[in-house]
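I open this notebook to record what I looked up in the structure shown below. The entries run from the overall fold to single residues.

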Amino acid sequence: MYIPEIPETVQLQGRSFATDSSPLANATFMLNSMGVAGLLGGEEAMSTVALAQIYNKRKWSGWYNTPGSYIIGKRFQRLTRSVISDSHVNPGSGASFGTVHIDPALLLQHDGWSKGPVFKGIYSGTSMHETGPLASLLTKKCIRMPGSRVEGRKTQPVNVTIVELEPNPNLQPQMRFHHSSPICAIIPIAVSLATCAICGLYGEWYAFSMILLGILARGLTCAFIGSGKLVFHHPKPADGSPPGDGILGCDHELVLLKGHENVVNAITRGRFFFSFQSKHTCRLVEMCSFLLIAQAIAQLICVPQSNLFGQLMFVFSIATSWVYNLWFLSYDKVEVREEIFRSVLGSPKLNKFVFPNRSSAIVSLLLFSNDDGGLPGDPKKLKKIMDGFLPSGALVWEIWKGIVIEHLTNGRPLHFDETHWNHQDLPSQTDRLLLQTLLKDAEMAYFASGGNQ
């Protein structure tokens with residue numbers, strides 16, 4: 001069949017009608033969709049959304065296009081599957097019916113929200129394999145601070161931090177936290193709105209719709225998640241309970257807690273929760289998670305359909321948000337963490353020592369816990385503490401622990417001579433030499449703690 005040739009003038013005229021008026025409309029280079037997906041910063045974006053509960057009016061400052069919508073959506077799907085009733089968190093409370101709680105560790109991955117190290121009570125005999133996030137926060141604070149070195153037999157150094165806790169009259173079984181949002185939170189909002197408007201002005205409707213969808217998805221999610229409150233719960237100690245002093249331990253970083261049992265209890269047993277008024281709110285958050293996942297899929301499909309100018313506007317909006325999320329998260333780690341720390345613990349006094357070996361470090365902990373010259377309590381409890389941090393079962397170690405505990409419970413100074421290390425139950429000279437070495441470590445810890453004064 002014969003097809004007549006179309007004149008060149010008609011072809012040029014057709015192209016002129018199809019020409020887009022937007023900048024870079026005739027560019028042959030197009031952004032790859034996988035390149036756009038590679039800009040995702042889900043963990044940072046997810047944390048800034050979750051922290052909407054801490055900041056005053058923060059839930060109204062999340063209306064901007066952000067990367068990481070798929071990761072945020074998947075993480076928020078866990079909310080309704082992890083709901084804890086108020087009666088389970090705080091039995092006997094007068095909370096309104098339907099109040100539910102969610103563990104913030106499900107949403108937040110940065111420092112200060114993880115579980116803390118083991119705890120062993122000196123007077124109460126309490127032994128906890130894991131503690132609350134405040135214990136983790138306090139331990140990290142102790143790790144970062146410098147310490148005074150103690151001379152002695154060197155093996156592997158052990159850091160010992162003495163934390164003197166002050167009674168906090170504002171410490172309540174339930175506490176809420178509020179923090180002012182940074183002023184520069186308006187920057188990603190302005191950029192997202194501006195790029196969306198520019199795309200609409202030049203007819204880049206694919207990019208326009210995807211930026212607008214990102215603004216709405218994140219904004220609605222922040223509004224719903226921000227309707228909850230970050231609440232701190234800790235059980236009140238029973239009347240007549242022994243002092244809560246004890247040792248937080250993690251490898252070569254040991255922390256001695258000294259103070260009122262209510263404050264110690266808040267550190268070891270306190271928990272943070274996201275509190276919502278009803279399950280209906282949680283379901284709305286889950287609906288937002290599906291919207292975020294749908295947004296991520298739609299962006300991967302629709303953004304490549306836009307011209308280069310629209311793609312650049314879309315990338316510029318999420319790149320600005322990504323930079324802001326990175327800055328905000330680093331700012332948040334310091335400001336929010338310190339705010340919560342001061343609200344619960346006040347300003348505790350911290351003194352850190354670096355002991356040259358583990359045996360002297362453990363003895364020093366027991367000495368520092370003693371303020372009146374005699375360490376009260378059951379010797380079996382002290383033996384249990386020492387067994388938890390030092391080798392147990394070997395005859396030399398058991399004899400050494402017995403000698404040290406006897407001196408501590410009787411208020412005697414830790415001074416030893418040949419009568420102590422030439423023990424009748426140790427016929428071997430090698431064992432007696434090891435016992436002498438360990439007793440010298442205990443003496444060194446005694447002098448370091450001020451026992452010679």
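Entry 1, overall make-up. I counted the secondary structure and found 16 helices and 12 strands in the chain. I note that the model is a predicted one. The chain has 453 residues, of which 48% count as buried. I then computed its accessible surface, which comes to about 21400 Å², with 58% belonging to carbon and sulfur atoms. For contacts between residues at least 6 apart in sequence, I found that 81% join residues at least 24 apart.

Entry 2, the sheet. I traced an open sheet of 7 strands with mixed pairing, in the order β4-β3-β9-β10-β6-β12-β5. The edges are held by β4 (127-128) and β5 (148-149); each has a single partner strand, so one side of each is left without a neighbour in the sheet. I looked further at one pair: β3 (residues 118-121) runs antiparallel to β9 (residues 246-250), and 4 bridges join the two strands. Within this pair, F119 has L248 of β9 as its bridge partner.

Entry 3, the nonpolar cores. In soluble globular proteins, nonpolar side chains tend to be buried together. I searched for such groups here, and the largest nonpolar core has 42 residues, with F355, V363, W400 and L435 making the most contacts inside it. Strands and helices both contribute: β6 (158-164), β10 (253-258), β12 (349-355), α12 (358-368), α13 (379-389), α14 (395-409) and α16 (429-448) each supply at least two residues. The greatest share comes from α14, with 8 residues. I listed the contacts of W400, leaving aside neighbours within four places in sequence, and obtained S359, V363, M386, L390, L435, L438, L439 and A442. A second core, separate from this one, has 37 residues, among them I225, L230, A266 and F341.

Entry 4, S369. I located S369 in the loop between α12 and α13. Is S369 buried or exposed? Its relative accessible area is 2%, under the 20% cut-off, and therefore S369 counts as buried. I also checked the side chain of S369, which reaches the backbone oxygen of L366 at 2.7 Å.

Entry 5, cysteines. How many disulfides does a search of the whole structure find? The search returned 0. I took C199 as a case: the nearest cysteine sulfur belongs to C196 and is 6.9 Å away. A disulfide requires sulfur atoms within 2.5 Å, so C199 is in none. I also recorded that C199 is buried, with a relative accessible area of 0%.

Definitions and conventions. Residues are numbered from 1 along each chain as its sequence is written. This is a predicted model: local features need pLDDT of at least 70, side-chain atom pairs count only at pLDDT 80 or more; totals for chains, interfaces and linings use all residues. Side-chain values use heavy atoms; hydrogens and water are left out. A nonpolar core is a set of buried Ala, Val, Leu, Ile, Met, Phe, Trp, Tyr and Cys residues joined through side-chain atoms within 4.5 Å. Buried means under 20% relative accessible area, exposed over 50%, partly exposed in between (1.4 Å probe, protein chains only). Contact means heavy atoms within 4.5 Å. A polar contact is a pair of N or O atoms within 3.5 Å; within protein, one must be able to donate a hydrogen and the other to accept it, and residues adjacent in sequence count only if both atoms are side-chain atoms. Accessible areas come from the Shrake-Rupley method with a 1.4 Å probe; for residues, only the protein chains shown count as cover. Two strands pair if DSSP finds at least two bridges between them.
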